[in-house]
Amino acid sequence: MPIYKGRKEDLGNNRPVSLTLMLGKVMEQIILSVITWHVKYNQVIRPSQHGFMKGRSCLTNLISFYDKVTHLVDEGKAVDVVYLDFSKAFDTVSHSILLEKLAAHGLDRHILHWVKNWLDGQAQIVVVNGVKSS
C-alpha cells in the first residue's frame, strides 16, 4: 500500500511500504553490520560523512555545517551554499554499479554475493485503486 507524501492526487508522491520476512530482516542487519565494520575499519568513508552513520544524523551534519560557516563569516570570508536533493537518486540506484563500488572498496566476495542475491530478490509493487505498478 502506498504512503502519501504530500497530496494524494499526485501519484509521484507515493512511497511503497515493504513487507519483509523476519529472516530477511535479520540477514539485512548482519550484512549491514559487516559492511559498516568494513567501512569504518578501512576508513572508506571520511569523518565528515553524517548520513547513515551511527551517532550521526542530519542534525549533526547541520551543526557541523553551521559551525564552519559561522567561522568563515567571522573571519570576513564570503560563503556560497548550493542545496541539492538526491532523494530520487536513491530510488533508481543501479545495482550493478553499487556492487562494483562495494567490490572496489575491498568488500569480501562472500558478502558481495549475499548483497547481489538480496538485490536480485527485491521487487516492489505499488497498488493504487486496484491497479498494480510494474
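**Figure 1. Overview of the predicted model.** Helices (H or I, at least four residues) and strands (E, at least two) are DSSP runs, numbered from the N terminus. The model shown is predicted. By these runs, the protein chain has five helices and four strands. Read from the N terminus, the order of elements is β-β-α-α-α-α-α-β-β. The chain has 134 residues, and 14% of them count as buried. About 11600 Å² of the protein chain is exposed. Carbon and sulfur atoms supply 61% of that area. Among contacts with a separation of 6 or more, 35% join residues 24 or more positions apart.

**Figure 2. The largest nonpolar core.** Ten residues make up this core. They are Ile31, Ile35, Val39, Leu99, Leu102, Leu107, Ile111, Leu112, Val115 and Leu119. Three elements give two or more residues each: α1 (22-41), α4 (95-104) and α5 (109-120). Helix α5 gives the most, with four residues. In soluble globular proteins, nonpolar side chains tend to be buried together. A close-up on one core member, Leu102, shows its partners from further along the chain. Leucine 102 touches Leu107, Leu112 and Val115, with residues up to four places away in sequence not counted. These three partners are also listed in the core.

**Figure 3. Histidine 38 in helix α1.** Histidine 38 lies in helix α1. Is this residue buried or exposed? Its relative accessibility is 11%, so histidine 38 counts as buried; the cut-off is under 20%. Which residues does histidine 38 contact, leaving aside its neighbours within four places in sequence? They are Val44, His105, Gly106 and Leu107. One of these, Leu107, also belongs to the largest nonpolar core.

**Figure 4. The aromatic pair of helix α1.** The count of aromatic pairs comes to one. The ring centres of tryptophan 37 and tyrosine 41 are 4.8 Å apart and the planes meet at 10°, so the pair is stacked. Planes under 30 degrees apart count as stacked. Both residues lie in helix α1. Tryptophan 37 and tyrosine 41 are four residues apart, about one turn of the helix. Are the two residues buried or exposed? Tryptophan 37 is exposed, with a relative accessible area of 53%. Tyrosine 41 is exposed too, at 58% relative accessibility.

**Figure 5. Glutamine 43 in the loop after helix α1.** Glutamine 43 sits in the loop between α1 and α2. What is its phi angle? Phi of glutamine 43 is near 50°. That is a positive value in a residue other than glycine. The side of the loop seen here is open to view at this residue: glutamine 43 counts as exposed, at 67% relative accessibility.

**Figure 6. A nonpolar surface patch.** Six residues form the patch shown: Leu59, Leu62, Ile63, Phe65, Val81 and Tyr83. The patch covers about 660 Å². Two members are picked out here. Leucine 62 is found in helix α2 (residues 58-74). At 53% relative accessibility, leucine 62 counts as exposed, because the cut-off is over 50%. Tyrosine 83 is in the loop between α2 and α3 (87-91). At 70% relative accessibility, tyrosine 83 is exposed. What lies across from leucine 62 in this view? The C-alpha atoms of leucine 62 and histidine 50 are 9.4 Å apart. Along the chain, leucine 62 and histidine 50 are separated by twelve residues.

**Figure 7. Asparagine 61 and glycine 51.** Asparagine 61 is placed in helix α2. At 37% relative accessibility, asparagine 61 counts as partly exposed. How far apart are the C-alpha atoms of asparagine 61 and glycine 51? They are separated by 8.1 Å. The two residues are ten apart along the chain.

**Figure 8. A salt bridge between glutamate 75 and lysine 77.** How many salt bridges does a search of the whole structure find? The search finds one. The side chains of glutamate 75 and lysine 77 meet in a salt bridge, at 3.4 Å from N to O. Glutamate 75 counts as exposed, at 53% relative accessibility. Lysine 77, at 48%, counts as partly exposed. The two labels part at the 50% cut-off, because exposed means over 50%.

Key
Residues are numbered from 1 along each chain as its sequence is written. This is a predicted model: local features need pLDDT of at least 70, side-chain atom pairs count only at pLDDT 80 or more; totals for chains, interfaces and linings use all residues. Side-chain values use heavy atoms; hydrogens and water are left out. A nonpolar core is a set of buried Ala, Val, Leu, Ile, Met, Phe, Trp, Tyr and Cys residues joined through side-chain atoms within 4.5 Å. Buried means under 20% relative accessible area, exposed over 50%, partly exposed in between (1.4 Å probe, protein chains only). Contact means heavy atoms within 4.5 Å. Accessible areas come from the Shrake-Rupley method with a 1.4 Å probe; for residues, only the protein chains shown count as cover. Patches are made of residues with over 30% relative accessible area and no salt bridge: like charges are joined within 9 Å, nonpolar side chains (Val, Leu, Ile, Met, Phe, Trp, Tyr) within 5 Å. A salt bridge is a side-chain nitrogen of Lys or Arg within 4 Å of a carboxyl oxygen of Asp or Glu. Rings of Phe, Tyr and Trp (its six-membered ring) pair if their centres lie within 6.5 Å; planes under 30 degrees apart count as stacked, over 60 as edge-to-face and the rest as tilted.
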